[in-house]
Amino acid sequence: MCASPSLTVGEAEARLPELSVVDVRTPGEFASGRLPGAVNVPLERIEERLPELRDSTGGRPLLLVCASGARSEKAVAALASHGLVAASLSGGTRGWASAGHPLEYPPGAVRRVWGMERQVRFAAGTLVLVGLVLGLLVHPAFQVLSAGVAGGLVFSAVTDTCGMAVVLGRLPFNRRGTASNG
């Protein structure tokens with residue numbers, strides 16, 4: 001596809017007609033706005049959908065997209081390990097929209113879904129606060145909850161994985177493709 005495993009927004013915009021765009025965000029995030037012509041294959045399902053990705057591209061290069069570029073880079077690496085060449089959109093859909101390029105939306109009401117990174121920050125912060133409050137008001141042992149979340153965040157950073165994102169991605173509001181605002 002290209003020498004670099006990523007394309008800038010300008011490069012992707014110029015080549016969009018010749019690319020097969022695959023959005024690796026959750027279905028809920030995908031429904032909140034996507035690049036024109038993109039199909040949704042969540043990151044956790046990218047390897048199981050390899051045959052479909054090989055067959056559906058029609059020989060066109062793959063451009064993988066997420067909110068910021070981090071998940072699409074992981075997807076590029078996963079596909080490369082199976083011999084499928086792809087590139088990631090630097091800056092993701094945020095960068096695309098910030099550059100003034102249009103996003104497509106499903107018919108009906110536009111979903112307002114928090115990005116996965118924001119959901120993880122909210123859930124982790126809430127769990128830490130709950131652990132601290134319960135530790136102060138109920139029993140000090142509840143502070144283990146806060147310590148567990150902190151340990152999970154450190155592990156997530158060191159391994160560049162996120163178990164909390166996997167769990168949150170399975171919640172109903174992240175699995176639905178369309179719904180009312182919320």
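Start by selecting Asp23 and Asn40: asparagine 40 in β3 is the bridge partner of aspartate 23. Strands β2 and β3 run parallel and are joined by 2 bridges; two strands count as paired if DSSP finds at least two bridges between them. Helices and strands here are DSSP runs, numbered from the N terminus: H or I over at least four residues for a helix, E over at least two for a strand.

A word on what you have open: this is a predicted model, where local features need pLDDT of at least 70 and side-chain atom pairs count only at pLDDT 80 or more, while totals for chains, interfaces and linings use all residues. Residues are numbered from 1 along each chain as its sequence is written, and side-chain values use heavy atoms, with hydrogens and water left out.

**Zoom out to the whole chain**

Colour by secondary structure and you get 9 helices and 5 strands. From the N terminus on, the elements go β-α-β-α-β-α-β-α-β-α-α-α-α-α. Along the principal axes, the C-alpha atoms fill a box of roughly 60 × 40 × 30 Å. Of the 182 residues, 37% count as buried, where buried means under 20% relative accessible area, exposed over 50%, and partly exposed in between (1.4 Å probe, protein chains only). Of the contacts with a separation of 6 or more, 67% come from residues 24 or more positions apart; contact means heavy atoms within 4.5 Å.

**Walk across the sheet**

Now show just the strands. They form an open sheet of 5 strands in the order β1-β5-β4-β2-β3, with parallel pairing. The edges are β1 (6-7) and β3 (39-40), each of which pairs on one side only. As a reminder, strands of a sheet pair through backbone hydrogen bonds, either parallel or antiparallel.

You've already seen the β3 edge, so step on from β2 (residues 20-23) to β4: these run parallel and are joined by 4 bridges. Select Val21 and its bridge partner in β4, Leu63.

Next comes β4 against β5 (residues 86-89), a parallel pairing over 3 bridges. Two spots to label are Leu62, which stands opposite Ala86 in β5, and Leu64, which stands opposite Ser88.

Finish at the other edge, where 2 bridges join β1 to β5, again running parallel. Pick Leu7 here; its bridge partner in β5 is Leu89.

**Look at both faces**

Show side chains on β4 (residues 62-65). Both faces are covered: Leu62 and Leu64 on one side, and Leu63 and Val65 on the other, are all buried. Do likewise for β5, where Ala86 and Ser88 point one way and Ala87 and Leu89 the other way, and all are buried.

**Add helix α4**

Bring back α4 (residues 70-80). Together with β4 and β5 it makes a right-handed β-α-β unit. To check the hand, point the strands away from you: right-handed means the path from the first strand over the helix to the second runs clockwise. The helix lies across β4 and β5, running at about 175° to β5; axes are lines fitted to C-alpha atoms, for helices over the stretch in contact, with angles from 0 to 180 degrees between N-to-C directions.

Inside α4, select Ser72. Is Ser72 buried or exposed? Serine 72 is buried, with a relative accessible area of 0%. Not counting residues up to four places away in sequence, Ser72 touches Val24, Leu64, Val65, Cys66, Ser88 and Leu89. Draw a distance to Val24 as well: the two C-alpha atoms are separated by 6.3 Å, although the residues are 48 apart along the chain.

**Last stop: helix α7**

Jump to α7 (residues 143-159). At 1.5 Å a residue its 17 residues should span 24 Å, and its end C-alpha atoms are 24 Å apart, which agrees; the expected span is 1.5 Å times one less than the number of residues.

Which residues of α7 are buried? Select Ser146, Val149 and Ser156. They cover an arc of only 85° around the axis, which puts them on the same side of α7; the arc is that of the directions from the helix axis to the C-beta atoms. What covers these buried residues includes α6 (116-137).

Turn to the face away from the buried side for the exposed residues Val144, Ala147, Val154, Phe155 and Val158. Then go just past the end of α7 to Asp160, which takes a positive phi of about 55°.
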